[in-house]
Amino acid sequence: MSRAKVLSEHAERTLGHSIVGVEGVYDRHAYFDEKSETLEKLAALIDGILHPRPADVRGKRRHDSTIAAL
């Protein structure tokens, strides 16, 4: 989930991991909005992997010509 730019504390809660220490005992907020955002970011990442966007051809050409010049 780090690759999807998700905060680790939100990832842990979304995955249902136990939170230890004082925070795990006293923080009883459900984090519904944060979990929803986490799952949306993860879904967007997976969608990008399964359906990659076409590469930027202009950038590719510039890179190829730079290599050819070497």
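Buried means under 20% relative accessible area, exposed means over 50%, and partly exposed covers what falls in between. Keep those cut-offs handy for the views below, starting with leucine 42: at 22% relative accessibility, leucine 42 counts as partly exposed. One more thing before you look: this is a predicted model.

**View 1. Leucine 42 and its partners from the start of the chain.**
Find leucine 42 in helix α3. Skip the neighbours within four places in sequence, and leucine 42 is in contact with Met1 and Ala4. Arginine 3 is worth a look here too: its C-alpha atom and that of leucine 42 are separated by 8.7 Å, with the two residues 39 apart along the chain. Is leucine 42 buried or partly exposed? Its 22% makes leucine 42 partly exposed, because buried would require a value under 20%.

**View 2. The whole protein, helix by helix.**
Zoom out for a moment to get your bearings. How many helices and strands are there in the protein? You should count four helices and zero strands, so the pattern along the sequence reads α-α-α-α. Of the 70 residues, 11% are buried. The accessible surface adds up to about 6,100 Å², and carbon and sulfur atoms account for 58% of that.

**View 3. Where to trust the picture, and where to go easy.**
The average pLDDT of the protein is 86, and 79% of the residues score at least 70. Which helix has the highest confidence, and which the lowest? Helix α3 (residues 32-50) comes out highest at 97, while helix α4 (residues 57-69) is lowest with a mean of 54. Where pLDDT is low, the predicted coordinates should not be read in detail. The other close-ups leave helix α4 alone.

**View 4. Arginine 13 and the residues around it.**
Arginine 13 belongs to helix α1 (residues 8-14). It counts as buried because its relative accessibility is 12%, and the cut-off for buried is under 20%. What is arginine 13 in contact with, once neighbours within four places in sequence are left aside? The answer is Ile19, Glu23, Asp27, Tyr31 and Lys35. Two of these, Glu23 and Asp27, come back in the next two views.

**View 5. The salt bridge between arginine 13 and glutamate 23.**
Here the side chains of arginine 13 and glutamate 23 meet in a salt bridge, at 2.6 Å from N to O. The pair links distant parts of the chain, with arginine 13 in helix α1 and glutamate 23 in helix α2, 10 residues apart. Arginine 13 is buried at 12%, whereas glutamate 23 is partly exposed at 38%.

**View 6. A second bridge from arginine 13, this time to aspartate 27.**
Aspartate 27 also forms a salt bridge with arginine 13, and the closest N and O atoms are 3.4 Å apart. Aspartate 27 sits in the loop between α2 and α3 and arginine 13 in helix α1, so the bridge ties together parts that are 14 residues apart in sequence. The side chains of these two residues are joined by a polar contact of 3.4 Å as well. Aspartate 27 is partly exposed, with a relative accessible area of 23%.

**View 7. A bridge inside helix α3.**
The structure holds three salt bridges, and this view shows the one between lysine 41 and glutamate 37, at 3.4 Å from N to O. Both residues lie in helix α3, four residues apart, which is about one turn of the helix. Lysine 41 is partly exposed at 32%, and glutamate 37 is partly exposed at 42%. Back at the other bridges, shared partners join Arg13, Glu23 and Asp27 into one network.

**View 8. Serine 36 and histidine 10.**
Serine 36 is another resident of helix α3. With 34% relative accessibility, serine 36 counts as partly exposed. How many residues apart along the chain are serine 36 and histidine 10? They are 26 residues apart, and their C-alpha atoms are separated by 9.8 Å.

**View 9. A nonpolar patch on the surface.**
Last stop: Val22, Val25 and Tyr26 make a nonpolar surface patch of about 360 Å². Valine 25 is located in helix α2 (residues 21-26). At 47% relative accessibility, valine 25 is partly exposed, because exposed would take a value over 50%.

How values were computed. Residues are numbered from 1 along each chain as its sequence is written. This is a predicted model: local features need pLDDT of at least 70, side-chain atom pairs count only at pLDDT 80 or more; totals for chains, interfaces and linings use all residues. Side-chain values use heavy atoms; hydrogens and water are left out. Patches are made of residues with over 30% relative accessible area and no salt bridge: like charges are joined within 9 Å, nonpolar side chains (Val, Leu, Ile, Met, Phe, Trp, Tyr) within 5 Å. Accessible areas come from the Shrake-Rupley method with a 1.4 Å probe; for residues, only the protein chains shown count as cover. A salt bridge is a side-chain nitrogen of Lys or Arg within 4 Å of a carboxyl oxygen of Asp or Glu. Helices (H or I, at least four residues) and strands (E, at least two) are DSSP runs, numbered from the N terminus. Buried means under 20% relative accessible area, exposed over 50%, partly exposed in between (1.4 Å probe, protein chains only). A polar contact is a pair of N or O atoms within 3.5 Å; within protein, one must be able to donate a hydrogen and the other to accept it, and residues adjacent in sequence count only if both atoms are side-chain atoms. Contact means heavy atoms within 4.5 Å. pLDDT is the predictor's confidence in each residue, from 0 to 100.
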